[in-house]
Amino acid sequence: MASSLISRRFALSLQTNLWLSASACRYVSKAAPKTQVDFDYDGPSMKTSVPGPRSQNIGAINFFCNYEESRGNYLVDVDNNRMLDIYTQISSIPIGYNHPALLKLMANPNNLSTLVNRPALGILPPENFPDKLTESLLSVAPSGMRRVQTMACGSCSNENAYKAMFIWYRNKERGHNTPSDEDLSTCMINQAPGCPDLSILSFMGGFHGRTLGCLATTHSKAIHKLDVPSFDWPMAPFPRLQYPLQEFTRENAQEEARCLEEVEDLIVKWRQKGKPVAGIVIEPIQAEGGDNHASPDFFKSLRNIARKHGCAFHVDEVQTGGGATGKYWAHEHWGMDDPADIVSFSKKLLTGGYYHKDELQADKPYRIFNTWMGDPSKNLLLAEVLNVIRRENLLEEVTRSGKALLNGLYDLQAQNPGILSRARGQGTFCAIDICDDATRNSILLKARDKGVLLGGCGDRSIRFRPALVFKEYHVHMFLNIFNDVLAQHK
């Protein structure tokens with residue numbers, strides 16, 4: 001029944017778009033072979049503009065949602081508008097809304113205790129917590145890492161990872177992990193040597209969170225940082241590459257070499273200022289800052305620079321981790337056996353936290369600590385999410401869907417050179433630039449009213465962040481709707 005509904009809907013969609021193509025010579029995306037998604041709807045269904053009469057647009061709120069009726073790749077709002085969600089709660093829904101496997105897990109009475117009782121994990125973890133970590137987070141640990149510290153969100157994951165790097169660096173400077181009396185007394189009044197003048201090197205365009213330390217390494221939008229005191233930490237340029245990458249290999253290599261040279265210069269300069277760089281933090285793809293990419297060679301060289309200067313190397317996979325690039329971790333595309341000292345995560349992993357090398361384990365209790373330190377119920381959900389990913393071969397699906405999405409964006413870009421440029425991506429983690437910010441915002445709103453949810457990033461980019469259950473036929477459905485929206489801007 002569902003399959004026949006999808007077939008009829010696609011036949012109608014293609015007839016409509018082919019007629020439009022004949023009259024306007026526009027790009028038309030062909031329907032892909034359909035793989036049944038049992039819990040998915042058959043397409044968008046719009047009753048009102050968005051936000052509708054039952055929603056309220058207050059501050060950053062876009063609209064209010066009906067999560068009970070949302071399914072698969074579709075988010076339903078309180079006005080019963082059903083939208084194909086290619087933004088997924090800022091890239092944090094791994095296998096779609098109300099996945100049957102997760103609903104079944106929640107209905108299991110054996111899991112009630114985990115859902116009802118949220119422990120202070122740092123002091124009173126449940127008996128099965130180590131086993132659940134092994135089943136979930138440690139089963140997808142990055143290369144060379146055997147330890148994981150759970151947290152509640154991306155910001156607190158990075159904030160505590162920074163603390164771990166500072167603790168490691170100071171113990172390395174001391175040659176032992178026993179602080180002096182002067183260390184203990186001066187730290188209580190925010191003075192050196194107890195509060196050392198160390199720094200973390202970050203990159204322009206990066207986003208690592210909104211807590212105080214993370215904000216010092218965030219350089220994507222002024223509104224995030226305005227009026228908040230910060231630290232005197234070095235900021236390096238992130239490569240500004242030209243796309244398609246394969247057509248600009250020489251120019252891009254020169255740009256990456258320029259940025260790497262400045263990284264080394266900044267490390268030396270800050271050491272001379274008496275503020276040595278304890279760690280380098282970077283995203284494999286700068287997401288919030290504009291979906292900015294760099295080559296595997298760039299990251300390999302950066303890793304070597306960190307080793308050379310005795311800095312910890314922190315890869316922030318809060319948005320890129322969890323499978324959207326076609327691998328669990330975007331840094332796997334670099335092809336390195338020892339890619340990082342710390343890898344932070346959240347969003348699609350459902351819980352926050354960071355993996356780390358043995359030497360970055362906190363040397364004493366309570367140095368990396370808060371009340372919750374994560375949530376066992378999220379690890380329970382994650383273990384089942386990973387089962388679904390493996391059982392349904394979703395990483396392979398992401399690779400196929402991502403190829404279709406990027407090729408479709410290339411085609412639309414060729415048809416709309418005055419509007420679109422710089423299509424780029426790995427897996428379904430894709431983006432495209434719009435001619436200006438006003439047009440970008442107009443496209444986002446018009447797409448939403450046609451039943452497609454997208455998100456912006458950087459100065460004028462649109463980012464695509466679907467769930468891992470986003471199939472090729474969803475790609476073509478989106479491309480046809482996107483094509484109609486672009487036609488309104490010619």
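In this predicted model, a convenient place to start is strand β5, where M235 is the bridge partner of S202. The strand on the other side of that bridge is β4, and β4 and β5 (residues 235-236) run parallel, joined by two bridges. Strand β4 also pairs with β6 (residues 277-282), again in parallel, and here three bridges make the connection. Within this second pairing, I200 finds its bridge partner in G279 of β6.

How well is β4 enclosed? Five of the five residues in this strand (residues 199-203) are buried, so β4 is largely enclosed by the rest of the structure. In a regular strand, side chains alternate between the two faces of the sheet. For β4, both faces turn out to be covered: one side carries S199, L201 and F203, the other I200 and S202, and all of these residues are buried.

A further sheet brings us to other parts of the chain. This sheet is open and consists of three strands in the order β1-β2-β12, with mixed pairing. Strands β1 (74-76) and β12 (452-453) lie at its edges; each has a single partner strand, so one side of each is left without a neighbour in the sheet. Between β1 and β2 (residues 82-85) the arrangement is antiparallel, with three bridges joining the two strands. One of the residue pairs involved is Y74 with its bridge partner L84 in β2. Helix α15 (residues 472-487) packs on this sheet and touches β1, β2 and β12, with its direction at about 110 degrees to that of β2.

Methods: Residues are numbered from 1 along each chain as its sequence is written. This is a predicted model: local features need pLDDT of at least 70, side-chain atom pairs count only at pLDDT 80 or more; totals for chains, interfaces and linings use all residues. Side-chain values use heavy atoms; hydrogens and water are left out. Two strands pair if DSSP finds at least two bridges between them. Helices (H or I, at least four residues) and strands (E, at least two) are DSSP runs, numbered from the N terminus. Contact means heavy atoms within 4.5 Å. Axes are lines fitted to C-alpha atoms, for helices over the stretch in contact, and angles run from 0 to 180 degrees between N-to-C directions. Buried means under 20% relative accessible area, exposed over 50%, partly exposed in between (1.4 Å probe, protein chains only).
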